[in-house]
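Biologist: Could you take me on a close look at the place where the ligand sits? I'm a first-year student, so plain words would be great.

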Amino acid sequence: MATSSAGLCDGLKQYIREVPDFPKQGILFYDITTLLKQPQPFAQLVDSLAGHYAAQNIALVAGIEARGFIFGPALAYKLGAGFVPIRKPRKLPAATAAVEYSLEYGTDRVEIHRDAVQPGQRVLIVDDLIATGGTAVASAQLVEQLGGVVAGLAFVVELTFLHGRERLAGYDVMSLLRYDQ
Ligand code: AMP
């Protein structure tokens, strides 16, 4: 059973590569590519995420660029849902909706096609990792701007010491691998 501090699949942590000082000094980067290349751990991870949302009538999985594009489609397939991309600025070809959010220095923006979500559709937002939660909050606002219902936000890795989850109060937030420091 999961406890409040342990992740649901702690055994999978051994497959995540931790890279110090990437992409810049002082950042410990959690590299999921070392997990993805292992068939059984990858399957366990997708199955665990899908299990949590199986009975929740998810119409669409929205993956956040870029690593949400890896887990999102696998999860959508398992759930019998569609997949839509949430992208960085100026990547999507048709009419978009956008939400800007603050970074430590400056701002960033996420975009989605205006016709990606129909009003009332239940949308599960997916990314590889939640840190401060800024990207996830903006993505939830984006889905809601189109009239979608955010059914949940799912992450493979959660950096609990950055308290991103607190910014998502009121949403169903799940993560599989939690790091407390
Ligand atoms: P945040 O908006 O602060 O929650 O940042 C989350 C986004 O940045 C996700 O798309 C992650 O892929 C990426 N990210 C932030 N910190 C890390 C980290 N330490 N290791 C890997 N990816 C990270």
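Modeller: Here is a walk around the ligand, then the pocket, and then a few backbone oddities elsewhere. Keep in mind that this is a predicted model.

Let's begin with the neighbours. The ligand has 14 residues around it, and the closest are Asp127, Asp128, Thr132, Gly133 and Thr135. If you sort that shell by class, you get 7 nonpolar, 4 polar and 3 charged residues. Which parts of the fold do they come from? Three elements give at least two residues each: strand E2 (28–31), strand E7 (122–130) and helix H4 (134–145). Of the elements, E7 gives the most, with 4 residues in the shell.

Now for the polar contacts, and let's take the oxygen side of the ligand before the nitrogen. Aspartate 128, one of those closest residues, has a polar side-chain atom 2.7 Å from a ligand oxygen. Arginine 67 also uses its side chain: a polar atom there lies 2.8 Å from an oxygen atom of the ligand. Leucine 28 does it with its backbone, where a polar atom is 2.8 Å from a nitrogen atom of the ligand. How much of the ligand's surface does the protein bury? On its own the ligand would expose 490 Å², and the protein buries 81% of that.

Next, zoom out to the space itself. The ligand takes up the space of the largest pocket, which holds about 1,300 Å³. A total of 39 residues line this pocket, and Leu103, Leu129, Ala131, Thr132 and Thr135 are the closest to its centre. Thr132 and Thr135 may ring a bell, as they are also among the closest residues to the ligand. Elements that put two or more residues into the lining are E2, strand E5 (96–102), strand E6 (107–113), E7, H4 and strand E8 (149–159). E7 comes out on top here too, giving the largest share of the lining with 4 residues. By class, the lining is made up of 21 nonpolar, 7 polar and 11 charged residues.

Finally, some backbone oddities in the loops. Most peptide bonds are trans, and most residues other than glycine have a negative phi. Against that background, look at the bond from phenylalanine 22 to proline 23: it is cis, with omega near 0°. Proline 23 is in the loop that runs between strand E1 (17–20) and E2. Another cis bond joins glutamate 65 to alanine 66, again with omega about 0°. You'll find alanine 66 in the loop between strand E3 (60–64) and helix H3 (68–79). Then there's arginine 90, a non-glycine residue with a positive phi, near 65°. Arginine 90 belongs to the loop between strand E4 (82–86) and E5.

Conventions: Residues are numbered from 1 along each chain as its sequence is written. This is a predicted model: local features need pLDDT of at least 70, side-chain atom pairs count only at pLDDT 80 or more; totals for chains, interfaces and linings use all residues. Side-chain values use heavy atoms; hydrogens and water are left out. A residue is near a molecule or strand if one of its heavy atoms lies within 4 Å of it. A polar contact is a pair of N or O atoms within 3.5 Å; within protein, one must be able to donate a hydrogen and the other to accept it, and residues adjacent in sequence count only if both atoms are side-chain atoms. Accessible areas come from the Shrake-Rupley method with a 1.4 Å probe; for residues, only the protein chains shown count as cover. On a 1 Å grid over the protein atoms alone, a cavity is a set of points where a 1.4 Å probe fits but cannot get out, and a pocket is an open set with protein on both sides within 12 Å along at least five of seven lines; lining residues have an atom within 4 Å of a point. A molecule sits in a cavity or pocket if more than half of its atoms lie within 2 Å of its grid points. Ala, Val, Leu, Ile, Met, Phe, Trp, Tyr, Cys and Pro count as nonpolar, Asp, Glu, Lys and Arg as charged, and the others, Gly among them, as polar. Grid points are joined across faces, edges and corners, and a volume is the space filled by probe spheres set on the points.
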